[in-house]
Amino acid sequence: MPGTCVIGLQWGDEAKGKLVDLLTKRHDVVARFLGGANAGHTVVDGENTYKLHHIPSGILSEDVANVVTAGVVINPPILLQEIDGLKARGVPVKNLMLSDRAHIIFPWHMAEDRAMNQSTADGENIGTTMRGIGPCYRDKVGRAHAIRLGDLIRPGLKEKIALITAAKNKTIASMYDDGSFTPLDADAIYTEYAAYAERLREYVTDSTSYLLDAADEDKRILFEGAQGALLDVDHGTYPFVTSSNSSGVGAAAGSGVPAKFITQTIGVVKAYSTRVGGGPFPTEQDNELGEKIRIRGNEFGTTTGRPRRCGWFDAVAVRYTARISGIDTIALMMLDVLSTLDELKICVAYDLNGERLTNFPSHVDDIRKVKPIYETLPGWAEEITGARSLEDLPANALAYIQRISELVGCEVGVVSVGPDRKQTIFTEQLAMLVGAAT
Ligand code: IMP
């Protein structure tokens, strides 16, 4: 049973949506297993560009089931905007299922995210997407003040909202030093969310049972990651991370499908690195070069519009995330962005207080302190957006791909040279694994 998992191996925004969209035609089900409206997945289909936040990137294929699993946190108004936006452009959205176990983001979560601004104990700002993600996951773990999609469509919602609003009004007021917090109105929230519930009801499913049955029936499931493995709450650059397991270890927990059904995992990386929000970024190029990459790669957040920080490819970090995610093959995205650079650098090791490290440090203080040790490779002058096979790529681009593969310790199965589906080169290895060659 080919269960395929797609994981971003950096700090998110690795163009996973494009890859998932390309692979859906070889799968029966796409299951998104974490995160929420902090993610922004862009899928380009000919003239049409779709920006998705919750909905799996397989939604454009009508015969593929798209499942938002228990591990996701749902923001109803944003999800409904996505559904309406797709319908307005002729996508029927009949093939969407939402887990009744998924947690719901409420206005108090957004207020908490704003109030805390997620500053860490040492003062640096996490720079969250302000979508209430952290506070919602915190309530999920805390349990007493959580509401799941299953609760949203059942009797008793009004009482739950009244109780939680009263408690939240007290705690949130104490978080706003300047007294600027306007208490939340439980009745208004109930009226608004009861209306969302009615619109979402048709999609609500016990997705865990659905997926377990699908796995037992040998259906081909594509597990769609969000964010990137370096933002994993347990294994990433903590505390500058998101609030869920965004590396490969999260797929089973979020979906409820045991890891034994995931027979291959594809690690998606950009040909360089980006990060949005705070936190250490050893290979960051906060200079003209970083700006050039930002412009060529259009590196501005899909969800927040924030400019992304840009830098060289970090093979130490990616080797680590490839290992924790159990990667079988690498999808190397946005290689075209590096065209015209005279030379390219790859970080092959870190220097920490004079010691050469090839393992990614576990503590943020060390990640802040490391100095990247680079290997320099020659660049290529020509644009490569028209390349459709490896033979079309300049020798220096092939050497760059080969070196990344060696350093990460994994074959490169996909090379992407532009946003369109056609601008994708599947190497033999991936074609063999998922039969996805175009
Ligand atoms: P949160 O997930 O909104 O709490 O944000 C926590 C950190 O993760 C911030 O640095 C965000 O910028 C980052 N982040 C969250 N989601 C994404 C994403 O989809 N792409 C890139 N960065 C993300």
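The following exercises, with worked solutions, treat the ligand shell, the aromatic pairs and one helix residue of a predicted model.

Local features need pLDDT of at least 70 and side-chain atom pairs count only at pLDDT 80 or more, while totals for chains, interfaces and linings use all residues. Residues are numbered from 1 along each chain as its sequence is written, and side-chain values use heavy atoms, with hydrogens and water left out.

**Exercise 1.** Determine which residues surround the ligand, and which polar contacts the ligand makes.

*Solution.* Start with the shell. A residue is near the ligand if one of its heavy atoms lies within 4 Å of it. By this criterion 15 residues surround the ligand, and the closest are Asn38, Thr129, Thr242, Val276 and Arg306.

Next, sort the shell by class. Ala, Val, Leu, Ile, Met, Phe, Trp, Tyr, Cys and Pro count as nonpolar, Asp, Glu, Lys and Arg as charged, and the others, Gly among them, as polar. The shell then has six nonpolar, seven polar and two charged residues.

Then list polar contacts (pairs of N or O atoms within 3.5 Å). An oxygen atom of the ligand lies 2.5 Å from a side-chain N or O atom of Thr129. For Thr242, a polar side-chain atom is 2.6 Å from a ligand oxygen. Ile126 contributes a polar backbone atom, 3.2 Å from an oxygen atom of the ligand.

Finally, take the area (Shrake-Rupley method, 1.4 Å probe). The ligand alone exposes 470 Å², of which the protein buries 97%.

**Exercise 2.** Classify the aromatic pair of Trp11 and Phe281, and state what it ties together.

*Solution.* Rings of Phe, Tyr and Trp (its six-membered ring) pair if their centres lie within 6.5 Å; planes under 30 degrees apart count as stacked, over 60 as edge-to-face and the rest as tilted. The whole structure has eight aromatic pairs.

The ring centres of Trp11 and Phe281 are 5.1 Å apart and the planes stand at 55°, so this pair is tilted. Trp11 lies in the loop between strand E1 (4-8) and helix H1 (16-24), and Phe281 in the loop between strand E12 (273-275) and helix H10 (288-296), so the pair ties together parts 270 residues apart in sequence. Helices (H or I, at least four residues) and strands (E, at least two) are DSSP runs, numbered from the N terminus.

Both Trp11 and Phe281 are buried, that is, under 20% relative accessible area (exposed is over 50%, partly exposed in between; 1.4 Å probe, protein chains only).

**Exercise 3.** Locate Asp84 and give its exposure.

*Solution.* Asp84 belongs to helix H2 (residues 76-88). With a relative accessible area of 34%, Asp84 is partly exposed.

Methods. A polar contact is a pair of N or O atoms within 3.5 Å; within protein, one must be able to donate a hydrogen and the other to accept it, and residues adjacent in sequence count only if both atoms are side-chain atoms.
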